[in-house]
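Hi,

Here is the structure I promised to pass on. My notes follow below it, so have a look and tell me what you make of them.

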Amino acid sequence: MSIQKPKGTQDLLPGVVEKWQYIEEKARDVCRRFNYREIRTPIFEHTELFQRGVGETTDIVEKEMYTFQDKGDRSMSLRPEGTAGVVRAYVENKLYGEPDVNKLYYIGPMFRYEQPQAGRYRQFHQFGIEAIGSVDPSLDAEVIALGYLFYKEIGLKDVRVEINSVGNPACRTVYRDELRKFFAPVKEKLCKDCQSRYDRNPMRILDCKKDQEYGVGAPSILDYLDEECSTHFAKVQRHLTDMGIAFVVNPRMVRGLDYYTHTAFEYKAAGIGAIDTISGGGRYNGLVGTIGGGGVDQPGVGFGLGLERVLLVLEAQGVDVPGVRPLDVYVIGMGEAAENEAAKLLFELRSAGLTAEKDYLSRKMKAQMKSADRFSARYTAIIGEDELARGSVTLKSMATGEQEEVPLASVAETVKAKLDR
Ligand code: HAM
């Protein structure tokens, strides 16, 4: 039997990959405007980074990591998310020494051993941003605004922004106790996962699809925020309102990673089966300190946005993403001498900045014209025996069928003028 791709992975083939390139280019373009700069970190890291960074009791670290011993007997893991690696790089490269807030973005594959379904894969891709070095609530709002603008500019409709404050560790401790009191009478009825969450992190029970009914009437975190947390949260909302970004406060939103403090947010949209969260993020004020081992501490805020989910929602909404671009010129040479000339012309056209192609299978004229159509060529440049003798080509517009004879030396120039380049 032939070998197949691992479960939960995808081959992104030509035809689809151009859509990815378009979306990635849009992400880079939005980041440029917001003055975020790209960072590329390793795809695998020491397992301990994620244990410490993402949190030992999260589903991601407990159940979903691709962990292996390398040949030097070190425990390594494929990155399940981007924040921990970026923060590690920030500390290791002492980026905190720079005078400005570090505003970074990344695009790349992440790995989680999850049960695959629509919108959930074992290898998926995130476009993420991390802004490290400021507690300013306008930065939380900027991060939310960047994701919002990205979705808007690629044509995604009806994206809802939900925000919450998960407070700081002090208010969370009080709130968790209250939640335990609330859930105590129904503890035995909760699902297995939530029974263990009860002790470790009862806030996650609010997030559980199976136990929704038991969460009705649960206390709200917003009633337990201290002065600093509620002021921060109010300011974030004010900035979003000022920018005209509609949002809903969802006090039950609990993100699945341990590092969040203050602002947590999610973008939601319909169109991917059971999943309606298309991405999310938040503030993480203790993470740099945790990963840096106490030497440095800097606040941060960011998001991670799944690219597969972008494409799925775009498709569900019938939004057309620009795909393969038409070819500028398809060159046809009939007979050996003309074919040699065609190969030479091809290189000239490409050097001049045009996209150009020819036949490599010695096919007849008709078959070559079909290829030109398949590549949506704007022009064909035909070199037959007569043209060869005159040192020219017949340039044919595929849209109008119009033909003209052009000297070989000026084909590139002529095509560029016609294409307005
Ligand atoms: P997360 O919520 O775990 O957050 O993941 C962010 C996004 O990655 C999800 O909303 C989804 O779009 C995508 N995603 C996650 N798992 C999968 C999967 N198995 N298949 C397809 N897409 C998936 C984080 O990863 C945080 N690092 C976000 C962040 C950055 N917070 C602050 N900075």
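Strand S3 (residues 67–69) and S4 are joined by 3 bridges and run antiparallel; two strands count as paired if DSSP finds at least two bridges between them, and strands here are DSSP runs (E, at least two residues), with helices being H or I runs of at least four residues, all numbered from the N terminus. In that pair, Thr67 sits opposite Ser77 in S4. S3 and S4 make a hairpin with 5 residues between them, and Asp73 in the turn has a positive phi of about 65°. S4 (residues 75–78) also runs antiparallel to strand S2 (residues 44–46), again with 3 bridges, and there His46 faces Met76 in S4.

Before you go further: this is a predicted model, where local features need pLDDT of at least 70 and side-chain atom pairs count only at pLDDT 80 or more, while totals for chains, interfaces and linings use all residues. Numbering starts from 1 along each chain as its sequence is written, and side-chain values use heavy atoms, with hydrogens and water left out.

Now the ligand, which is probably what you'll open first. There are 25 residues around the ligand, and Glu81, Glu114, Arg255, Tyr260 and Ile278 come nearest (near means that a heavy atom of the residue lies within 4 Å). By type, the shell splits into 8 nonpolar, 10 polar and 7 charged residues; Ala, Val, Leu, Ile, Met, Phe, Trp, Tyr, Cys and Pro count as nonpolar, Asp, Glu, Lys and Arg as charged, and the others, Gly among them, as polar.

For polar contacts, the cut-off is a pair of N or O atoms within 3.5 Å; within protein, one must be able to donate a hydrogen and the other to accept it, and residues adjacent in sequence count only if both atoms are side-chain atoms. Here is what turned up:

- Tyr260: a polar side-chain atom is 2.6 Å from a ligand nitrogen.
- Glu114: a side-chain N or O atom is 2.7 Å from a nitrogen of the ligand.
- Phe303: a backbone N or O atom is 3.4 Å from a ligand nitrogen.

The protein covers 96% of the 660 Å² of accessible area that the ligand has on its own (Shrake-Rupley method, 1.4 Å probe; for residues, only the protein chains shown count as cover). Strand S6 (123–132), strand S10 (275–283) and strand S11 (300–306) each give two or more residues to the shell, and S10 gives the largest share, with 5 residues.

Those strands belong to an open sheet of 8 strands with mixed pairing, in the order S1-S5-S6-S11-S10-S9-S7-S8. Strand S1 (37–38) and strand S8 (248–249) are at the edges with a single partner strand each, so one side of each has no neighbour in the sheet. Within this sheet, strand S7 (residues 160–165) pairs antiparallel with strand S9 (residues 261–272) over 6 bridges, and Glu162 stands opposite Glu266 in S9.

There is also an open sheet of 5 strands, mixed again, ordered S13-S12-S14-S15-S16. Its edges are strand S13 (356–358) and strand S16 (403–407); each has a single partner strand, so one side of each is left without a neighbour in the sheet. Strand S15 (residues 392–397) and S16 are antiparallel over 5 bridges, with Lys396 opposite Gln403 in S16.

Cheers
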